[in-house]
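Got the model open in your viewer? Let's walk through it one selection at a time.

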Amino acid sequence: MFLVFTTVFFWAFLSVPLVDCSIDLQQESWNELSHQFVHLAKKCYLSRDIFMMRLHHLTDRNVTCNDGTPAGYYLRRAHGSKRWIVYLEGGEFCTSAESCEARYSDMTHLMSSARWNPVKEGSGILSTKQHLNPTWWNANHVYVPYCSSDAWIGNASANETGERFSFVGSRILERVFTELMSKGLEHAERVLLAGSSAGGIGVILNLDRIAKRLQTGGFKIDVRGLADSGWYLDIPSCPAGGKHCQRAKIQENVTKMAIAYWRGVVPDDCARRNPQKKWKCFFGEQVYRTDDKSPKHSPLFVFQWLYDSAQLVWSIGAHIMRPGQLSDEEQARVSYIGNEVRNSFNRTKGLSCAVFAPSCIFHSILNQNDWLNVLVKGKNLNQALNDWYQSSGQTTQDCQTLIETECTVPQCALTCPSGWKLMGQRSRSKHTKPPSD
């Protein structure tokens, strides 16, 4: 029997690329290795599909995509691993019947599962290739497609509201975790809830609730969050008049409309601190700006471009995608946003050591296969996450803050992604004042 197992094992390993089928011995405990070896020996040479994530539809009729088609998730099990990464897809949102009709016409794939493929290949932090994803390549991978258009916080089913579209992102996330428990998550030691863009907002607003639910169920799992490009700014109010102030008011009104339209579920502690302004809990700084009555948060790591392209359009209406030169006024607004992002982390207790913030113009990174190329103070995001993961996730002792301060203008770092340029930019003081109106 031993001879048969050994023959099959080595034949399987010689039949496929070493990177995809090898075992990360440092990440898995010795008592899991035999199970992994047997699984790879049986499966690895038969099909490359074992490195693909497979689609699982949810069956609850009140937990659907916007158009009523079933929501779901993609799963790739890494047999023997007790590490799980659950990734929330992003893709903007809509905030009214009119805007959602337009979104359905232009971006149906973000509101319906009708054309989802049965399998999906992971990229970036969900890649199964070790050179592209050094730490998480052989973990259990879950990709949750975004089809609720509500930044993963909605709680309004069309069956209950009578509207054409459902907005139940918070329910989708809960149901996904419920199903994953029967697929191996109950044996997990570590779970990383990650997401980009609207998915990053979903991580910030759902992390504590998911962690508490698992804890209440009696599971001793280290649950942490990784929010990519979801740390949007709550632009401070200012006197009436002027384009900058007008944009801040538009942002406030849109956020109020969205929370009401989706019946959005926001973190309890933030709602307590903002009883008349629960819409403020859409913003990460408001969620993590705690007081003496606040419970301890689950560990969160934030990746945020200092000059996030979506943030610039959303907050100040900077036309960064148009060709040509930005005006002095637009450059001042862009610089103001970068400094406000830096300041927001410094104003948030305990988060300054769990931040990776390059001085670049871009949006999202985790699903990009070149996600390791961007550096801050000589480290890439994977290295920063490893350092953070070896800590409690809460302490600020002896940490290195990875917020870019050596260069203070957009795209000044050599490792910034190409393709985004602010023409005619000039170096500005890192103490840039708000732009005049």
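Start with Gln411, which lies in the segment after strand E10 (402–403). Keep in mind that this is a predicted model. Check the backbone here: phi of Gln411 is near 65°, a positive value in a residue other than glycine. Is Gln411 buried or exposed? With a relative accessible area of 11%, Gln411 is buried.

Next, stay in the segment after E10 and pick Cys416, then add Cys360 from the loop between E9 and H13. The two form a disulfide, with their sulfur atoms 2.0 Å apart. The S-S torsion is -80°, a left-handed link. Because of where the two cysteines sit, the pair ties together parts that are 56 residues apart in sequence. Both Cys360 and Cys416 are buried.

Now select Ser364, in the loop between strand E9 (355–357) and helix H13 (381–389). Its phi is near 70°, again positive in a residue other than glycine. Ser364 is buried, at 11% relative accessible area.

How many disulfides does the structure hold? Five, so let's visit another two.

Select Cys65 and Cys147, a disulfide with sulfur atoms 2.2 Å apart. The torsion about the S-S bond is about -75°, so this disulfide is left-handed. Cys65 lies in the loop between strands E1 (53–57) and E2 (72–76), and Cys147 in the loop between strand E5 (140–144) and helix H5 (158–161), so parts 82 residues apart in sequence are tied together. Cys65 is buried at 0% relative accessible area, and Cys147 is buried at 1%.

Last stop: Cys94 and Cys100, joined S to S at 2.1 Å. Here the value about the S-S bond is 95°, a right-handed link, and both Cys94 and Cys100 are buried.

Definitions and conventions: Residues numbered from 1 in each chain as written. Predicted model: local features only at pLDDT ≥ 70, side-chain atom pairs only at ≥ 80, totals over all residues. Heavy atoms only, no water. Helix = DSSP H or I, 4+ residues; strand = E, 2+ residues; numbered from the N terminus. Buried < 20%, exposed > 50% of the residue type's maximum accessible area, 1.4 Å probe, protein only. Disulfide = S-S within 2.5 Å.
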